[in-house]
Amino acid sequence: MISTRTKKEVPETSSLFWEQPYWQPFRTIAKSFSGYWIACIPLTTIITIVWHQAVLAQNTEIKILEITEVTPEAIIQLQGTLNTIWVLIAAILVIFMNAGFAMLETGFCRQKNAVNILTKNLIVFALATIAYWVMGFSLMFGGDHPIIGSGGWFLASQDPATYNLKPFPIGLPISVFFLFQVAFAGTAATIVSGAVAERIKFVDFLVFSLLLVGIAYPITGHWVWGSGWLTTLGFKDFAGSTVVHSVGGWAALVGAAILGPRMGKYVDGRSQAIPGHNMSIATLGCLILWIGWFGFNPGSQLAADSSVPYIAVTTNLAGATGGIIATVVSWKKDGKPDLSMVINGILAGLVAITAGCNEVSYWGAVIIGAIAGVLVVYAVSFFDSVLKIDDPVGALSVHLVNGIWGTLAVGLFSLKTGLFYGYGMGQLINQVIGIIAIAAFTVVFSVVAWMVLKATLGIRVSREEEIKGLDIGEHGMEAYHGFVKEQDSFSGGSDKGINDVDVRAKSGV
């Protein structure tokens, strides 16, 4: 018998089931969702399951770590790795200070000498690296002789004891220690560049830099940071107020004195201002140096420990105070706030705190920086007007004078051995002995080196080269080719400007 049910009856039965009143709320909800939303339901389920499994795995891993014993050897290895990474970063910061010196010195000098100054500041670190690699590092840290180091030339030894280092991880790897120390060596040579700027022959500066970094600096550095006699005496210079800054300052003083002043600097015995051509890049140079000092001083801890941030704070306090006090003093002295004094005040405070940044109080750092700010202002006038030593960038006032002051300050403000904290005169006497000994050696060495160079190569450029600028005379190029120059705008033409200077030169200016 044939069924009497039609095709229409089947959907009617199923539709009656879905259209019952109690399904109305679900029908309303279903209409509000698109097909994309419905597809998200299984995806959400999968994510929830995976997340749950990840949490379970993490909990399992934590439990495994909890039951795994952390050995003392693992801790020492980790600490050694952290020390190495930190000193590497600090070395890079100190190396970057070469950019700061280049900007500072170039800005403080005239535009016609910009290429010469930039070239010197760039090549000097390359020279320092090679000279220190060949012999400087060995003279400074090799062996245990009280006067001079030896052994491990060309960084050839793989034995840390050759360079008075402990094996890794207790001590630093030889490679990292060398990189950090060569950055300091390059700084000493760069200090000289500023004081002899705008009149020294390029080749003579290169030769002297090699001699300073390869011989003089490492020998006096061995006395303090190697196993030398000043170390045994108890002399303290944590990061180099004397070892780096004063050594560079003494060498610069001798060089500037033997070279003589720039043409036009003194007229009838009176000092004439020779303004720098770009105070913007000089200011940038100061800021780069300020940042680099956070590698210079904290990095000298040679470890990543709790002393590093403390040293950074004392360093910053001294630099900031030096800048503020130098601004106030120069403002009072000359009637207007002098940007060059702000810059040199900051640097003076940083130089001064370098010797004792690890063991002076915060108040001690502020006082050291404040005195440095006063000293730098009057030292500039002293060298310029009294001694008549022409120092275009104030390197002597910043690095030499405040290197000495910072070294003496250790004997006064050290929380461990300072006179002001009840420890007597012993440390201060040791500081004086170290300053005098290092000064005597560096001055004698520098006099001999500069005089030999003067007798053989002739250390000063010709009058014509100095008038036209060392960029043309020494390098055959200009830093600002195509730009209107100061002498053009004031005299109406470059030839006339040069002739005017030449006339003043012939008249004794």
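This text walks through two helix pairs, one loop and two single residues of a predicted model.

The first pair consists of helix H9, residues 241-259, and helix H15, residues 426-456. Their axes come within 9 Å of each other and cross at roughly 40°. An angle over 35 degrees but below the range of 65 to 115 is classed as oblique, and H9 and H15 are therefore oblique to each other. The crossing of these two helices is right-handed. On the H9 side, the contact is formed by Thr242, Val247, Trp250, Ala251, Val254, Gly255 and Ile258. On the H15 side, the residues they meet are Ile435, Ile438, Ala439, Thr442, Val443, Ser446, Val447, Trp450, Met451 and Lys454. Sorted by character, the residues of this contact comprise 12 nonpolar, 4 polar and 1 charged.

The second pair is helix H12, residues 339-353, with helix H14, residues 395-413. Here the axes are 8 Å apart, and the helices pack at an angle of about 40°. That angle makes H12 oblique to H14. The crossing of H12 and H14 is right-handed. From H12, the contact takes in Asn344, Leu347, Ala348, Val351 and Ala352. From H14, it takes in Val398, His399, Asn402, Gly403, Trp405 and Gly406. The contact of H12 with H14 divides into 6 nonpolar and 5 polar residues, with no charged ones.

Helix H14 also holds serine 397. With 1% relative accessibility, serine 397 counts as buried, because the cut-off for that class is under 20%. Leaving aside neighbours within four places in sequence, serine 397 is in contact with Val376, Ala379, Val380, Phe383, Asp391 and Asn402. Asn402 is also one of the H14 residues in the contact with H12.

In the loop between H14 and H15 lies leucine 415. Its relative accessibility is 37%, so leucine 415 counts as partly exposed. Leucine 415 and valine 360 are 55 residues apart in sequence, yet their C-alpha atoms are 5.6 Å apart in space. Val360 is among the residues that leucine 415 touches, not counting those up to four places away in sequence. The others in that list are Tyr310, Glu359, Ser361, Tyr421 and Tyr423.

The remaining stop is the loop between helix H5 (114-141) and helix H6 (174-195). Some background on backbone geometry helps here. Most residues other than glycine have a negative phi, and most peptide bonds are trans. Leucine 155, in this loop, has a positive phi, near 55°, and is not a glycine. At 21% relative accessibility, leucine 155 counts as partly exposed, because the limit for buried is under 20%. Asparagine 164 also has its place in the loop between H5 and H6. Its phi is positive too, at about 60°, although asparagine 164 is not a glycine. Asparagine 164 has a relative accessibility of 42% and so counts as partly exposed. The loop between H5 and H6 also contains proline 169. A cis peptide bond joins phenylalanine 168 to proline 169, with omega about 10°.

Technical notes
Residues are numbered from 1 along each chain as its sequence is written. This is a predicted model: local features need pLDDT of at least 70, side-chain atom pairs count only at pLDDT 80 or more; totals for chains, interfaces and linings use all residues. Side-chain values use heavy atoms; hydrogens and water are left out. Axes are lines fitted to C-alpha atoms, for helices over the stretch in contact, and angles run from 0 to 180 degrees between N-to-C directions. Helices (H or I, at least four residues) and strands (E, at least two) are DSSP runs, numbered from the N terminus. Angles under 35 degrees count as roughly parallel, over 145 as roughly antiparallel, 65 to 115 as roughly perpendicular and the rest as oblique. A crossing is left-handed if the near helix is turned anticlockwise from the far one by less than a right angle, and right-handed if clockwise. Contact means heavy atoms within 4.5 Å. Ala, Val, Leu, Ile, Met, Phe, Trp, Tyr, Cys and Pro count as nonpolar, Asp, Glu, Lys and Arg as charged, and the others, Gly among them, as polar. Buried means under 20% relative accessible area, exposed over 50%, partly exposed in between (1.4 Å probe, protein chains only).
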